[in-house]
Amino acid sequence: MGLGGCIILIAAGAILTFATDWDMQGVNLDLVGVIFMIVGLIGVATFSSIARRRRVVVPPATPVVDDPTHPRTRDGYSDGYGV
């Protein structure tokens with residue numbers, strides 16, 4: 001179940017809990033809505049922890065060496081080609 005499914009569970013639970021006044025014999029719809037919201041929140045927490053682990057940044061294997069003696073800009077004339 002992805003993030004969208006979890007959000008749908010939270011929304012459906014909130015609708016069942018707060019926006020309906022239906023009475024069914026043997027089923028407490030308020031409790032079902034609360035259970036949906038709790039399951040949706042657990043799913044969001046699980047999904048976010050798994051997604052955070054996938055975004056690990058690996059440092060480069062070779063070190064970056066900055067050579068201050070080497071000029072960074074080339075104008076086309078200073079290296080002998082424009083003479």
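Which residues does T17 touch, not counting residues up to four places away in sequence? The points below answer this and place T17 in the wider structure.

1. **The model as a whole.** This is a predicted model. The secondary structure of the protein comes to two helices and zero strands. The protein has 83 residues, of which 13% count as buried. About 7,300 Å² of the protein is exposed, and carbon and sulfur atoms supply 65% of that area.

2. **Contacts along the chain.** Consider the contacts in the protein with a separation of 6 or more: residues 24 or more positions apart account for 47% of them.

3. **The length of helix α1.** Helix α1 covers residues 3-19, which is 17 residues. At 1.5 Å a residue, α1 should span 24 Å. The C-alpha atoms at its ends are 23 Å apart, which agrees with the expected span.

4. **The two sides of helix α1.** The buried residues of α1 are C6, G13, L16 and T17. They cover an arc of only 95° around the axis, and therefore they lie on the same side of the helix. On the other side of α1, the exposed residues are I8, I15, F18 and A19.

5. **T17 and its contacts.** T17 lies in helix α1. Its relative accessible area is 15%, and because buried means under 20%, T17 counts as buried. The answer to the opening question is that T17 touches D30, G33, V34 and M37, when residues up to four places away in sequence are not counted. With one of these residues there is also a polar approach: the side chain of T17 reaches the backbone oxygen of D30 at 3.4 Å.

6. **T20 in the loop.** T20 is found in the loop between α1 and α2, where α2 comprises residues 29-54. Is T20 buried or exposed? Its relative accessibility is 19%, so T20 falls under the 20% cut-off and counts as buried. A polar atom of the T20 side chain lies 2.8 Å from the backbone oxygen of L16. L16 is itself among the buried residues of α1.

7. **G43 in helix α2.** G43 is found in helix α2. At 15% relative accessibility, G43 counts as buried, because this value is under 20%. Where does G43 stand in relation to L9? The two residues are 34 residues apart along the chain, and their C-alpha atoms are separated by 9.3 Å.

How values were computed:
Residues are numbered from 1 along each chain as its sequence is written. This is a predicted model: local features need pLDDT of at least 70, side-chain atom pairs count only at pLDDT 80 or more; totals for chains, interfaces and linings use all residues. Side-chain values use heavy atoms; hydrogens and water are left out. Helices (H or I, at least four residues) and strands (E, at least two) are DSSP runs, numbered from the N terminus. The expected span of a helix is 1.5 Å times one less than its number of residues. Buried means under 20% relative accessible area, exposed over 50%, partly exposed in between (1.4 Å probe, protein chains only). The arc is that of the directions from the helix axis to the C-beta atoms. A polar contact is a pair of N or O atoms within 3.5 Å; within protein, one must be able to donate a hydrogen and the other to accept it, and residues adjacent in sequence count only if both atoms are side-chain atoms. Contact means heavy atoms within 4.5 Å. Accessible areas come from the Shrake-Rupley method with a 1.4 Å probe; for residues, only the protein chains shown count as cover.
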